[in-house]
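Student: I would like a close look at one part of this model, the way its helices pack. Please take me through it in one go.

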Amino acid sequence: PSDFALWKGFKEGIDHEEYVWDSPWGRGRPGWHIECSAMSTNLFGERLSVHSGGVDLQFPHHNNEIAQCSAHTPCESGSWADVWLHTGHLNIEGLKMSKSLKNFITIKQFLEDYSPDELRMYCVLHHYASGLDFTTRGMVDARAVLSKFKELRDRLAYVLSQSKNNAVEKTETAAFTTSNLELYRELAAARRDFKAHLCNNFDTPLAVQRLLKLASATQKHLSEQQALSQDAQDAAKAVWTFIANSLGMFGFGDFEAATAAAAHRTAERNSAQTALHHEQQDVYTSIAECRSRVRSSVAAAAASSKEDKESSLLSSQLSQLVLSWCDEARDSLLPSLGKKLSDLPDGSYKIDDWPLQQQEQEKMLKAEEQAKKDERERQLEEQRELARIPPGELFRTKYKGKYSKFDEDGVPTHDGEGEGLTKSAKKKLLKEYKRHKDKHDKLMANN
């Protein structure tokens, strides 16, 4: 069982004469595995950078390719192929796409309802190594994701044209705002995270989600601007250049950047230098603002206490108010400036550096964990809902209209056009029926 054929001998009456050659081992043809090894070596040389294929070819086909090529041209510096990419299977509404089940969709049929970019988005929203289950709902979700990027592109083009018409100039009054600074920080974090996701086994789903988060932050940035200053325009355009280039890397062709990338990079450098100065100034401004609020509240409390004899109650209310501001400084103000304030048991405190990128990464990890938890809960609920369907009604409900005749247990015997199902198709459906019946019986027993 560990052997495989390098050369298949000719079988009279079975093999076609057109595909038979003479060889030192007799008349015959190359074995399946040796064909691929010969073609790849002839076209690409003795080593490959990347070798891809379906997950079902990992064994034995790819193992046999490695054995053949390694024996033919031993490589002292490493393996025959540096990287292997094994893609999952394509399913249609839960079943493997095949001609026997007649559940395949042609490219022509697909393009009647969806665009090429919508299919591309559907693919990148799934990891290449996972099985891809093609569903109408999934295509609707992919279209919605694509629309979010297009909405940002169109909105940015509109506000830039409006700003140009209104001639918003970069003046002392149109200073570099906290909103611009935060958007640049979000962009820097998105660049780092996007690259990290792609370097982690080409995780395109998380990479696209990170772009979506950046797009959302940019939409918020645009909404907060009453009049778009030059600094605000530069920040938004820098973000869009990154998003457009990232999507273009995946092959999306409908995302041209608003201006030249070189101009954006210059704006980023200039704005980053300005941001550094304002970030330092923000520290002193924040301390002065906190002091001012405390002084104003104390003055107001002193004035009220002259008229109200219940000074103890007022003092308590004032203390609570001041403590709430202290909490705000610790939990919101200082973290926004890259500092972490920790209260110690002895009443003292310590301040540590807490880079905004690290904060954002921690928030993102928590958000991802929550999203995964929510997704697991959703999938469990879907499974419970499906398990509630009586076994005899499973295929009539889950695949409504797909089958026309059923046996006494409710298992399909004919497809929707009245043609009988193949033996292998019936076998698969019977397995699904038994699995569902077990789940249904367990669920009913526990209720």
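Tutor: Helix 1 and helix 2 are oblique to each other, a class left for angles outside the bands under 35 degrees (roughly parallel), over 145 (roughly antiparallel) and 65 to 115 (roughly perpendicular). This is a predicted model, in which local features need pLDDT of at least 70 and side-chain atom pairs count only at pLDDT 80 or more, while totals for chains, interfaces and linings use all residues. Residues are numbered from 1 along each chain as its sequence is written, and side-chain values use heavy atoms, with hydrogens and water left out.

Two packed helices are described by the angle between their axes and the distance between the axes. For helix 1 (residues 32-44) and helix 2 (residues 58-72) the angle is about 55° and the axes are 9 Å apart. Axes here are lines fitted to C-alpha atoms, for helices over the stretch in contact, with angles from 0 to 180 degrees between N-to-C directions. Helices are DSSP runs of H or I with at least four residues, numbered from the N terminus. The crossing of helix 1 and helix 2 is right-handed, meaning that the near helix is turned clockwise from the far one by less than a right angle.

On the helix 1 side, the residues that meet helix 2 are W32, H33, I34, C36, S37 and T41. Their partners in helix 2 are P60, H61, N64, E65, Q68 and C69, where contact means heavy atoms within 4.5 Å. By class, this contact has five nonpolar, six polar and one charged residues; Ala, Val, Leu, Ile, Met, Phe, Trp, Tyr, Cys and Pro count as nonpolar, Asp, Glu, Lys and Arg as charged, and the others, Gly among them, as polar. One of the helix 2 residues in this contact, P60, follows a cis peptide bond from F59, with omega near 5°.

A second pair is helix 6 (residues 178-199) with helix 8 (residues 230-249), whose axes lie 9 Å apart at an angle of about 15°. That angle makes helix 6 roughly parallel to helix 8. Their crossing is left-handed. Helix 6 contributes residues including L183, L187 and F194, and helix 8 residues including A235, V239 and F242. This contact has 13 nonpolar, two polar and three charged residues.

Between helix 6 and helix 7 runs a loop that holds N201. Phi of N201 is near 60°, a positive value in a residue other than glycine.
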